[in-house]
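Q: Could you take a close look at the sheet in this model for me? I would like to know how its strands are arranged and what packs on them.

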Amino acid sequence: MNKRKISELRCSFCGRSESEVGRLIGGNYAYICKDCVELAHEILNNNEIYHEEIVYNLPTPSEIKAFLDQYIIGQERAKKIISVAVYNHYKRVKFRNKFKDVEIEKSNILMIGPTGVGKTLMAKTLSKLLKVPFAIYDATPLTEAGYVGEDVENILLRLVQNANYNLEMAKIGIIYLDEFDKLSRKSDSPSITRDVGGEGVQQALLKIVEGTIANIPPQGGRKHPEQSYIQLDTTDILFMMGGAFEGIAEIIKSRLGKKQIGFNKNLNKISDIEILHYVQPEDLIKYGIIPEMVGRLPVIVVFDPLDIPALERILKEPKNALIKQYQKLFEMEGIELIFTDDAIRRIAEIAYSKKVGARGLRSILEDVLMEWMYKIPSMKGVRRIVITREVIDKDKEPIIEA
């Protein structure tokens, strides 16, 4: 073997060259660098402890919901459905080797609801409770393999990265795919022409959602033949898909026709929000989600929009409530920050009028408090700042007490 050939050797795991990593250990048609050996050693030492913590200390559905209640206001039915689904998913992981006579399918979750109602927060909070890796991915840039855009395997790469490349951790993680409704195909009939950003992506997602050994480019981007891959078993990854599904209410109404619903409610008297609770798999297929994908999302959860009282509670009550966060920031300067009830209500009213849900609350608070967060560190003798409704409306300055 000549010097030129030796200089071209690369680690079969991370893809770096010998000049980058130093000496390589060689085997049958494969090489590994010192960094990858150390990482593999760390993974093997941590796996047993990790699985014992996750799998054997699984919280019950009521414990899961109680934890969600600390961070998410309202959405009572959604929290119950998701708590049961998550419990069943990880119970399936825990007892797989004990009950081999029946194959239990994954409880992947589809979340339907407008923006800012807590879909993303729900997924994040679950990962925090279960101490599993978590990845959020926006579905809109995804395209079918071979087309300009991003391959679906990049979703898995993000999960692996968030698990610090511990594959045993990654393979029992949670993936939240946002804007999933944007992947709907252009009609409810099979495509004749390519739909690379819709049906094509759904087809590409099918296997990893159901469970497969996926080949992931370690550096992300496009696959190419000479590249080495990370292999990840997706059988136990919990997938949560979220989207607004604008327009699906009309599809549901069309299916229900003129018949009565519930306690003699007339169809035309039911709001689009209420009608979403009657969604069926056939409505999702009509919307443009392919039947095979609908079959892999057995748990369908509808999120209600947030009204003004709910937005007020979100500002004050959760563990990570925004007002508590800003109060803590002011407390670090030795100042007590107080919001009157009228001020809190006005913030909720503004967010509600903008139709952005809880997502808009922070920007409203930032706008109100920015000037004072700028001035306060240079001010002396300030003991308390009171924010009133007039401050929110920019009619008056806060009450400053020395």
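A: Happy to; here is a walk through the sheet, with a word on confidence afterwards. This is a predicted model, in which local features need pLDDT of at least 70 and side-chain atom pairs count only at pLDDT 80 or more, while totals for chains, interfaces and linings use all residues. Residues are numbered from 1 along each chain as its sequence is written, and side-chain values use heavy atoms, with hydrogens and water left out.

The sheet is open and has 5 strands in the order β4-β5-β8-β3-β9, with parallel pairing. Strands here are DSSP runs (E, at least two residues; helices are H or I, at least four), numbered from the N terminus, and two of them pair if DSSP finds at least two bridges between them. At the edges stand β4 (134-138) and β9 (299-302); each has a single partner strand, so one side of each is left without a neighbour in the sheet. From one strand to the next, the twist averages 20°.

Strands β3 and β9 run parallel and are joined by 4 bridges. Isoleucine 112 has valine 302 in β9 opposite it. Helix α6 (residues 119-130) packs on the sheet, where α6 touches β3, β4, β5 (174-178) and β8 (238-243). Contact means heavy atoms within 4.5 Å. The direction of α6 makes about 170° with that of β5; axes are lines fitted to C-alpha atoms, for helices over the stretch in contact, and angles run from 0 to 180 degrees between N-to-C directions.

As for confidence, pLDDT is the predictor's confidence in each residue, from 0 to 100. Its mean is highest in strand β3 (residues 109-112), at 96, and lowest in helix α1 (residues 3-7), at 46.
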